[in-house]
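Please look through the model below, and then follow the questions and answers, which set computed values against the definitions behind the words.

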Amino acid sequence: KANRKFHPEPTVVQVGSAKVGGGNFSVIAGPCSVESEAQIVSVAESVKAAGAAMLRGGAFKPRTSPYSFQGLEAEGLDLLLEAKAITGLPIVSEIMSPKLCQVFEEKVDVVQIGARNMQNFDLLKEVGHMSKPVLLKRGLSSTYEEWIMSAEYILAGGNPNVILCERGIRTFETYTRNTLDVSAIPCIKRMSHLPVIVDPSHSGGASWLVESLALAAIAAGADGVIVEVHNDPKHALCDGAQSLTPEQFGSLMGKMGGMVDLM
Ligand code: PEP
Ligand code: MN
């Protein structure tokens, strides 16, 4: 079902008035994690003003250490809904467990599956039964075939709305957090009809790298980007080093708008 051979037309995933794929470029922006009402509303208003099409924010966080901030969990989803009510931006948030499908079905507009869960087959099967679009990140060390097969689980479950997200892979290089695999964009488009977006924030792991990686993604034909933005990156509870300030995000939007029509 994910194979381009049997489905030559590009899939366009519609989220509210935004479209991803088939020549439509969408920008998703927001903090790594929802931290408070004031924080998420402030970031949502800033990214909306800069022209983002959707708001991202983690409520359930897959942290390497169990002692790191794990997210506001259910309360985080409710704060995202408040930010949506104020700005009108659809919300994107990561699901970590099949037990949460019902609450995500009710509250979230796009269900994100993180890199660490790309091959959580129980989770893939369950989101395959949801009516909400799924943003499927590439696993840290997954091949294109493995990534597309994970999308296949979701499509096979009856959910046709999958957006693939290249977020950098593990290589021998340690200077950057991950290595953005720019080749993934043309290769996945050759193999599949599904839209492909890029996460320049987790790819580089540094705010100063985000612009170069986002513009490279556009040059390579990506259908969108997902960018971490924080009102106070120095004090962010997660991923502050790679988060843009609202001002930096505004400047990035200007440069991306010079290369592609933004939704
Ligand atoms: C995130 O988007 O905040 C995240 C945890 O990303 P990834 O799964 O790509 O590491
Ligand atoms: Mn993050």
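Q: Which residues point one way from strand 6 (residues 110-113), which point the other way, and are they buried or exposed?
A: Val110 and Gln112 point one way from strand 6, whereas Val111 and Ile113 point the other way, and all are buried. A residue is called buried if 20 or more other C-beta atoms lie within 10 Å of its own, exposed if 12 or fewer do, and partly exposed in between, with C-beta atoms placed from the backbone. Strands (E, at least two residues) and helices (H or I, at least four) are DSSP runs numbered from the N terminus.

Q: What model do these statements rest on, and how is the numbering done?
A: This is a predicted model, in which local features need pLDDT of at least 70 and side-chain atom pairs count only at pLDDT 80 or more, while totals for chains, interfaces and linings use all residues. Residues are numbered from 1 along each chain as its sequence is written, and chains are lettered from A and ligands numbered from 1 in the order in which they are written.

Q: What makes strand 5 (residues 91-94) and strand 6 a pair?
A: Two strands pair if DSSP finds at least two bridges between them, and strands 5 and 6 have three, in the parallel sense, so they meet that definition. Val111 of strand 6 is the bridge partner of Ser93. Between these strands the chain passes through helix 3 (residues 101-107) in a right-handed β-α-β crossover, a term used if, with the strands pointing away from the viewer, the path from the first strand over the helix to the second runs clockwise.

Q: How do you know that Leu194 is buried?
A: Leu194 has 27 other C-beta atoms within 10 Å, and is therefore buried. Leu194 lies in the loop between helix 6 and strand 9, and, leaving aside its neighbours within four places in sequence, it is in contact (C-beta atoms, placed from the backbone, within 7 Å) with Ala2, Thr11, Ala151, Val162 and Leu164.

Q: Why are the buried residues of helix 6 said to line one face of the helix?
A: The buried residues of helix 6 (residues 184-191) are Ala184, Ile185, Ile188 and Lys189. Seen down the helix axis, they fall within an arc of 125° (taken from the directions from the axis to the C-beta atoms), so they line one face. These buried residues pack against helix 5 (144-156), strand 8 (162-166), strand 9 (196-198) and helix 8 (207-219).

Notes:
Contact = placed C-beta atoms within 7 Å.
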